[in-house]
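User: I would like a close look at a single part of this protein, with an account of how that part is set among its surroundings. Please keep to what the model itself shows.

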Amino acid sequence: WIADRYQVPNVLSVHGGDLYDPSKKMSPHNHAWLRGPIRKLLLRADTVIAQSTNTRDNVRQIYAVEREVGLIPLGIARPPRLDRVSSTAFGLPADAFTIVTIGRLVARKQTTQLVAAIAASRVSNAHLLVVGSGPDEEPVRSAAAAHGISDRVHLLGRLGEADKYRALAASDLFASTSQHEGFGLVFLEAMAFGLPIICYDHGGQTDYLSTGSNGFVLRLNDAQSFSDPIRSIAELPDRGRAIGAFNRQRVEEFFIDRCAERYEAVFERVIAGHDRRPT
């Protein structure tokens, strides 16, 4: 409305949960009365930018919008370079193989699957740091008890940035059983701390994560296969460190200044095109 009223260009940036969240009943993709207004926004904007290929595909497949959609990945602020933090700082044994996961404890994250995978890996010194809070906190505790690893699953709750970075610096592996990520900023943060990654293949993270280079990207909900790469990284620490070194280098493309530069170029192009419109 503002763009129409004041004749200014409208760049619409679309993100995963705005269009599609498989765990929410009120996700717009489930309701025609929400899909209609969103489709109108997508059609009327001067330019549409998606954060990932997955989100761009959803524009076409869910909202039936056939138009050019640009692609600019999200970016993260460059985190501080921290020395390795001892696992004992989080109450873990000094020789712990530390796995970290970050995110709200909600149905979409399926953190109980991760707990089960750690138990199935039979890595006896594997410990899980869970950074985040939410309604699934009690199911995660119950899953840990059911699998007999309550003493190795550590729910840290929501942490500030500094403590979150310390958790990453204390870890050997980042793992996520999330059912969908529009982009997955937490994966970039893990890469910046030199961690190998295990996750599923449903979401925007497949634009920049692949098996071999970054860790393991597994078929969605192939929970039985999740334990094997955990064991592989635990038993072959040199492999984990090599993957982590690659991730540190790869993430350089995804810091926020690069993202901002790309958006500035879009803004300049759209403004120039808008100024050439006939009055």
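The answer below takes one helix as its centre and follows its surroundings outward.

Analyst: The model is predicted, and the part chosen here is α8, which spans residues 185-192.

The burial of this helix comes first. Of the 8 residues of α8, 7 are buried, so the helix is largely enclosed by the rest of the structure. The buried positions are V186, F187, L188, E189, A190, M191 and A192. An α-helix has 3.6 residues a turn, so residues three or four places apart point the same way. The enclosure of α8 is provided by several elements: its buried residues pack against β4, α7, β7, β8 and α10. Just beyond the end of the helix, G194 adopts a positive phi of about 70°.

Three of these neighbours are strands of one sheet. The sheet is open and consists of 6 strands in the order β6-β5-β4-β7-β8-β9, with parallel pairing. Its edges are formed by β6 (153-157) and β9 (215-218), each of which pairs on one side only. From one strand to the next, the twist averages 20°. Between β4 and β7 the parallel pairing extends over 2 bridges, and I99 has L173 of β7 as its bridge partner. Two helices that pack on the sheet may be described here. α5 touches β4, β5, β6, β7 and β8, and its direction makes about 170° with that of β5. α7 touches β4, β5 and β7, with its direction at about 140° to that of β4.

α7 deserves a further word, as it is also a neighbour of α8. Its buried residues are K164, Y165, A167, L168 and A169. Their cover includes β4, β5, β7 and α8. The contact between the two helices thus appears from either side: α8 helps to cover the buried residues of α7, and α7 is among the elements against which the buried residues of α8 pack.

The open space beside α8 may be considered next. The largest pocket of the model has a volume of about 750 Å³. Its lining comprises 30 residues, and those nearest its centre are G103, R104, R108, K109 and V186. The elements contributing two or more residues to this lining are α2 (16-19), α7 and α8. α8 gives the most, with 3 residues. V186 therefore has two roles in this description: it is one of the buried residues of α8, and it lies among the residues nearest the centre of the pocket.

There is also an enclosed space. The structure holds 1 cavity of 30 Å³ or more, and the largest cavity has a volume of about 100 Å³. It is lined by 16 residues, of which T101, I102, K109, T111 and S176 are the closest to its centre. At least two lining residues come from each of β4, α5, β5 and α8. K109 is named both among the residues nearest the centre of the largest pocket and among those closest to the centre of the largest cavity.

The charged residues around the pocket lead to the loop that precedes α8. R108 forms a salt bridge with E181, with the closest N and O atoms 3.3 Å apart. The pair joins distant parts of the chain, since R108 lies in the loop between β4 and α5 and E181 in the loop between β7 and α8, 73 residues apart. Both R108 and E181 are buried. The link belongs to a network of salt bridges that includes D21, R108, K109 and E181. Two members of this network, R108 and K109, are thus also among the residues nearest the centre of the largest pocket.

A second salt bridge involves the loop between α7 and β7, two elements that pack against α8. The side chains of D172 and R84 meet at 3.2 Å, N to O. D172 lies in the loop between α7 and β7 and R84 in the loop between β3 and β4, so the pair ties together parts 88 residues apart in sequence. D172 counts as partly exposed because its relative accessibility is 23%. In total, the structure holds 16 salt bridges.

In summary, α8 is a largely enclosed helix that gives the most residues to the lining of the largest pocket and supplies at least two to that of the largest cavity.

Key. Residues are numbered from 1 along each chain as its sequence is written. This is a predicted model: local features need pLDDT of at least 70, side-chain atom pairs count only at pLDDT 80 or more; totals for chains, interfaces and linings use all residues. Side-chain values use heavy atoms; hydrogens and water are left out. A salt bridge is a side-chain nitrogen of Lys or Arg within 4 Å of a carboxyl oxygen of Asp or Glu. Helices (H or I, at least four residues) and strands (E, at least two) are DSSP runs, numbered from the N terminus. Buried means under 20% relative accessible area, exposed over 50%, partly exposed in between (1.4 Å probe, protein chains only). Contact means heavy atoms within 4.5 Å. Two strands pair if DSSP finds at least two bridges between them. Axes are lines fitted to C-alpha atoms, for helices over the stretch in contact, and angles run from 0 to 180 degrees between N-to-C directions. On a 1 Å grid over the protein atoms alone, a cavity is a set of points where a 1.4 Å probe fits but cannot get out, and a pocket is an open set with protein on both sides within 12 Å along at least five of seven lines; lining residues have an atom within 4 Å of a point. Grid points are joined across faces, edges and corners, and a volume is the space filled by probe spheres set on the points.
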